[in-house]
Amino acid sequence: MATLRFFPLDATYRITDGKAVIYLFGRSFDGQTVCVTDENFRPYFYVLSGELDRVQSKIELLKVENERISAFVTGTEIVKRRYNGKEVRALKVYTNIPGAVPIIKDTISQWDFVDSVHEYDILFARRYLIDRGIVPFTPYEVEGEFVSVKSKVPVFRAERIEQRGEDIAEEPRILAFDIETYYNEREILPDKNPIIMLAFYGKDFRRVFTWKRFRTSDESIEFVESEAELIEKFKETIEHFKPEIITGYFSDGFDFPYIETRARKYKISLDIGLDYSELKINRKGGIDAKIAGINHVDVFRYVQRIFGRGLETESYSLNSVAYELIGEKKLEVNLDEMSKAWDEGGQKIEEYCRYNLHDAKLTYELCRKLLPNMVELVKIIGLPVDEVIRMGFSQLVEWYLLRQAPRFNEIAPNRPEHGDMGKRREESFKGAFVFEPKPGLYKNIAVFDFRSLYPSIISSHNISGGTLNCKCCGDEKVPFDDGKTNYWFCKRERGFLPTVIGDLIEHRVRIKEMIRKQEQQDMLLAARENVLKLLANSFYGYYGFFGARWYSIESAQSTTAYGRYYIHKVISKAEKEGFTVLYSDTDSIFLLLDKKTKEDAEKFMESVNLELPGLMELEYEGHYPAGIFVQTKDNTAGAKKKYALISDNGILKIRGFETVRRNWSLVAKELQENVLKIILKEGDAEKALVITKGTIKDLRDKKIPVEKVIIKTQITKEIGSYETVGPHVAIAKRLEAKGVAVAPGTIISYVVTEIGSKVRDKAKLPEEVREGEYDAEYYINNQVVPAVEKIFEVLGHSKDELVGKEQGTLGRFF
DNA sequence: ACCTACCGGGG
DNA sequence: GTGTACGGTAGGT
């Protein structure tokens, strides 16, 4: 018997001699890629029934044969479990192979003495990781021996696997790749157009393959004879580099499927899996590309589904994401000219090779930057990185619960059937409370918020489907504000989900404490804290998500009802103690301190906290010397979710003002920020007014440079398919007429000039416009004034005052 | 107002 | 692979 120590990274399984064998691919402590097999794990599922013995004796004889497989039961046992808040006896049914589970399940579901069947759709490799408690990226010690099995890496057959500590694997070998394809009809046609370049980027490794020669001194460029050879190089490079993670940007949806299509044309087998299996592309439902033994991380997928929430960027293109996260952009080349350069051959191709390599580099850097975050997610969810990065929030919650369930002896509820999902989609419920602010400029504001409001409510009030309206309690109802909904949650026994979320919150508090104490910043702790917060905050949404196993609309409703109850309680308590409440949204409250001190406010917070149950806590978010709330567009009320605050250290916090968006000109954006700064920092409305009038005058005097009046709007579809021709579409049409292709995704920059009647006729490209050749009145009325008029209204200055019309001008029209 | 269809990313 | 995306919104009714 030998011993092997390794970090598992990926799990799959294979049928050998009619038995399922688990394959764990990973990295040994000495840095080699290895495969550990485990033959000692059997597929199973659960049956609930009032007549377990009858099910047991009948099911053991069951054998279903079809043209593909023979499915039969290899054993059963009666076990004690919990289901939906109750102790149950369940029949655990083992089958010969994983594929037999759904077949047996379908058959016995029809027996009338079977109540329900559970956990029949948990993928086998995932089931293994959960039941054996194996977490990718953490160390294990294996006893067993090396065996000879067809594989690209050594195979070790395990008899016993045990966790060894919690260290994470050192930085994995990452290989990024990117392709450029021939295209001239502004359509992606993998059947027709070849791949012309292929770039790789890894640690101490950069290479571009292309199949047209030109003179170059760039050593990273390598010429091959044909596209087919380029695809062979793709396989070879992966084989030699031995990446543990292969990464691309939208490689699920573009690079891998494209390469697969081209490989099929040349009858090249893409057997890049470590077990010689082929690249597997799933086109049904969400597209994804899988390689056995190598984690394929499509950075785009992770950013789009999970990480992007915390980013400023509105577009998840490689260019904008890379710019925000690593401060680097794509190389600027004219892609429309690429195919022409390719046809003509020669030196011009080189810049596209550099462009190609640079994209691979950006992808590599992004993957490295995001990896700590992804690994923390892996360690909490317990599934391989290529799986967790493709999950949405609800799936993350679900797989976290499925991993926790065995610890609590819980049997998982089933996913809803199609009809149920339809019904669930219909059910809606009341959300959070938002206080209507009184428009005005205020000084000396204290802001408080509930720490993780919804997660702490779920934990503190034991909110779950299994504890809802129990038979043993009922004296304390959920404080619904409709006065009729009658729910309560058990006080005697903790529910599964509230326990799990409570553990998450406490874990996060410990990590936060560690972060607070540490001398130098530990990025891993920060990433872990981030992931725990993300997960905890997703539970409430999960309760109301139609596809959830632990769906409980009553729990979702009760969570927001408690949320509204507590925030109202804080509001009335604050008012009773003489504070003016300026604003409140969901879990936050803004107090006007006025004559009261910060100490008074903190005392208030402490007294609130004394009355809060469980993990609930009101926190001091910060003090703001000034803040402004404005009116709605129709001037009928104070605008919700639209305000600006300035902090003690002079940082502006702007929420909901539409001009922070991209398709506004700089002149309007800058003025808005300036005006807010002057009003909040210096409290000088007159100065803000003077500056605004100055900007308007400068516009009229044509003193504003053209770059500040450029408006950028994206072309989102084919030009011909636009019904309404906005200014950016009009420009695109003119470009097309000149023979310049404008593909969807292009951002059109334009300036509105005075020549023409409709805005679309007046729009010109910036390079066609000379300094001062813009329509001042357009910019004043459609950009500058809308950006600041709501702010000035609060200060008692009308729109007319801004644009310099005489007071009372309106009167003449009446 | 409500519903459906399509888009994103990639070249 | 013990499977069948998703969330937003433009455009139509």
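**Figure 1. Backbone and base atoms of DNA strand B at the protein surface.** In this predicted model, sugar or phosphate supplies 56% of the atoms of DNA strand B that lie within 4 Å of the protein, and bases supply the rest. The strand is surrounded by 21 residues. Closest are Glu 180, Tyr 183, Arg 186, Phe 250 and Leu 318. By class, this surface has eleven nonpolar, six charged and four polar residues.

**Figure 2. Phosphate oxygens of DNA strand B and their protein partners.** Leu 318 takes part through its backbone: one of its polar backbone atoms is 2.8 Å from a phosphate oxygen of DNA strand B. Asp 178 takes part through its side chain, with an N or O atom 3.4 Å from a phosphate oxygen of the strand. For Lys 330, an N or O atom of the side chain is 3.4 Å from a phosphate oxygen of DNA strand B. Two elements give two or more residues to the surface near this strand: strand 11 (174-181) and helix 6 (299-305). Strand 11 has the largest share, four residues.

**Figure 3. The surroundings of DNA strand C.** The strand has 22 residues around it. Tyr 13, Tyr 120, Phe 124, Asn 282 and Arg 415 come nearest. Of the atoms of DNA strand C within 4 Å of the protein, 52% are sugar and phosphate. The surface near the strand has ten nonpolar, eight charged and four polar residues.

**Figure 4. Oxygens of DNA strand C and their protein partners.** The side chain of Arg 415 places an N or O atom 2.4 Å from a phosphate oxygen of DNA strand C. Phe 124 uses its backbone: a polar atom there is 2.9 Å from a phosphate oxygen of the strand. Pro 98 also offers a polar backbone atom, 3.0 Å from a sugar or linking oxygen of DNA strand C. Helix 2 (100-109) and helix 3 (124-131) are the elements that give two or more residues to this surface.

**Figure 5. Gly 133 in the loop after helix 3.** The loop that holds Gly 133 runs between helix 3 and strand 9 (140-147). Gly 133 has a relative accessible area of 30%, so it counts as partly exposed. Beyond its neighbours within four places in sequence, Gly 133 is in contact with Tyr 140, Gln 163 and Arg 403. Ala 90 is 43 residues from Gly 133 in sequence, and their C-alpha atoms are 22 Å apart.

**Figure 6. Ser 220 between two strands.** Ser 220 sits in the loop that links strand 13 (205-210) to strand 14 (221-223). Its relative accessible area is 11%; the cut-off for burial is under 20%, so Ser 220 is buried. The side chains of Ser 220 and Asp 218 make a polar contact of 2.6 Å. Residues up to four places away aside, Ser 220 touches Arg 206, Arg 207, Val 208 and Leu 357.

**Figure 7. Helix 18, its span and its cover.** Helix 18 (residues 666-682) has 17 residues, which at 1.5 Å a residue should span 24 Å. The C-alpha atoms at its ends are 23 Å apart, so the two values agree. Its buried residues include Val 667, Leu 671, Val 675 and Ile 679. Gln 672 is also buried. The cover over the buried residues includes strand 19 (440-450), strand 22 (618-631), strand 23 (638-646) and strand 24 (652-655). Helix 19 (685-700) and helix 22 (776-794) are also part of that cover. Just after helix 18 comes Gly 683, with a positive phi of about 65°.

Technical notes
Residues numbered from 1 in each chain as written. Chains lettered and ligands numbered in written order. Predicted model: local features only at pLDDT ≥ 70, side-chain atom pairs only at ≥ 80, totals over all residues. Heavy atoms only, no water. Buried < 20%, exposed > 50% of the residue type's maximum accessible area, 1.4 Å probe, protein only. Polar contact = N/O pair within 3.5 Å; in protein donor to acceptor, adjacent residues only side chain to side chain. Contact = heavy atoms within 4.5 Å. Near = heavy atom within 4 Å. Nonpolar A, V, L, I, M, F, W, Y, C, P; charged D, E, K, R; others polar. Expected span 1.5 Å × (residues − 1).
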